[in-house]
Amino acid sequence: MRVLAINDISCIGKCSLSVSLPIISACGVTCDVLPTALLSTHTGGFEGYTFCELTGEIPKILVHWKTLGEKFEFIYSGYLGSVEQIALVSQIKKDFLKDNGKLIVDPVMGDDGTLYAGFTQTFVEKMRELCCEADYILPNLTEACALAGVPYPHFSREAFEKLAEICPHPIVTGIHEGNGELVSFLNGNGELKNYSSEHVEGFFCGAGDVFASAFVGALARGVEETQAITLAAEFVGAAVARSAKEVPDKRYGLSFEKELFSFLQKLEKHAAFH
Ligand code: PXL
């Protein structure tokens, strides 16, 4: 199985490709990469970061891949550096996704009710169009509200249905309810289901990328969708709990490494492809 991860490289801060590569590879599948931008750190809290957009390089990479006849069973997109890159992902789906392959879009745009630096309403609208082409979308609550066009954080059943009109399989992370943190999704019968874990106070940069990577890695091993969501959510929950104790500066991302083994043991029990 081959997964193409389209995401940025943030040199410091453990998010995007820095977490997708180790997690998806550890799941036992090939993780090829298409970097969208190169940043000295992610944008979530560090001052003075550098940002080099790679839009100019991507078409050249794609021309080369075409000559090689490359194709992928899974394409997973995350942080995109510009509106042009959204159009490129759509083109990459047409040219490089195998028949019956799956496109998973994590519409990375914001958190905690605000859009990340550099993201505009035009970007949100273009991202919504890309989400229409996806087999799964993995917005956090902020992104889900932006895509559904409802005020944050009032994500009702109706808002969920609006999201399901954009993509039949929305998986919404980071819904805070009482002492719990929910991942909400529609199961195969179209029923709204929640996976609940203990809410841990604080902003954990890269948590969405860890969830998405684990979900994609599990799908690529043939784990059934609801089970893949559960495994990914348990993994992130364990990494968040560990980070709350061990990582004093949350900007440095999740301490997921020591939780990988336990995640992989469970993954092997549910994997259909060996
Ligand atoms: O984890 C999301 C993310 C990815 N990439 C970059 C980011 C962020 C969140 O802040 O800044 C560059």
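A residue is counted as buried when its relative accessible area is under 20%, and in this predicted model Cys205, at 8% relative accessibility, is therefore buried. Cys145, with a relative accessibility of 2%, likewise falls in the buried class.

The cysteines were examined further for bonding between their sulfur atoms, for which a disulfide requires a pair within 2.5 Å. For Cys205, the closest cysteine sulfur belongs to Cys15 and lies 5.4 Å away, which is too far for a bond. For Cys145, the closest cysteine sulfur is that of Cys131, at 14 Å, and this separation is also too far for a bond. Across the whole structure, the search returns zero disulfides.

Attention then turns to the ligand, which is located in the largest pocket of the model. The ligand is surrounded by 13 residues, of which Asp8, Thr43, Tyr79, Tyr116 and Asp209 come nearest. When this shell is sorted by class, five of its residues are nonpolar, six are polar and two are charged.

Three of the nearest residues can be described through individual atom pairs. In the case of Asp8, a polar side-chain atom is found 2.7 Å from a nitrogen atom of the ligand. The side chain of Thr43 places a polar atom 2.6 Å from an oxygen atom of the ligand, while an N or O atom in the side chain of Asp209 is 2.7 Å from a ligand oxygen atom. The ligand, which taken alone exposes 320 Å², has 97% of that area buried by the protein.

Key. Residues numbered from 1 in each chain as written. Predicted model: local features only at pLDDT ≥ 70, side-chain atom pairs only at ≥ 80, totals over all residues. Heavy atoms only, no water. Near = heavy atom within 4 Å. Polar contact = N/O pair within 3.5 Å; in protein donor to acceptor, adjacent residues only side chain to side chain. Areas by Shrake-Rupley, 256 points an atom, 1.4 Å probe, with all protein chains shown as cover. 1 Å grid on protein atoms, 1.4 Å probe; cavity = no way out; pocket = protein on both sides within 12 Å on 5 of 7 lines; lining within 4 Å. Sits in = over half its atoms within 2 Å of the grid points. Nonpolar A, V, L, I, M, F, W, Y, C, P; charged D, E, K, R; others polar. Buried < 20%, exposed > 50% of the residue type's maximum accessible area, 1.4 Å probe, protein only.
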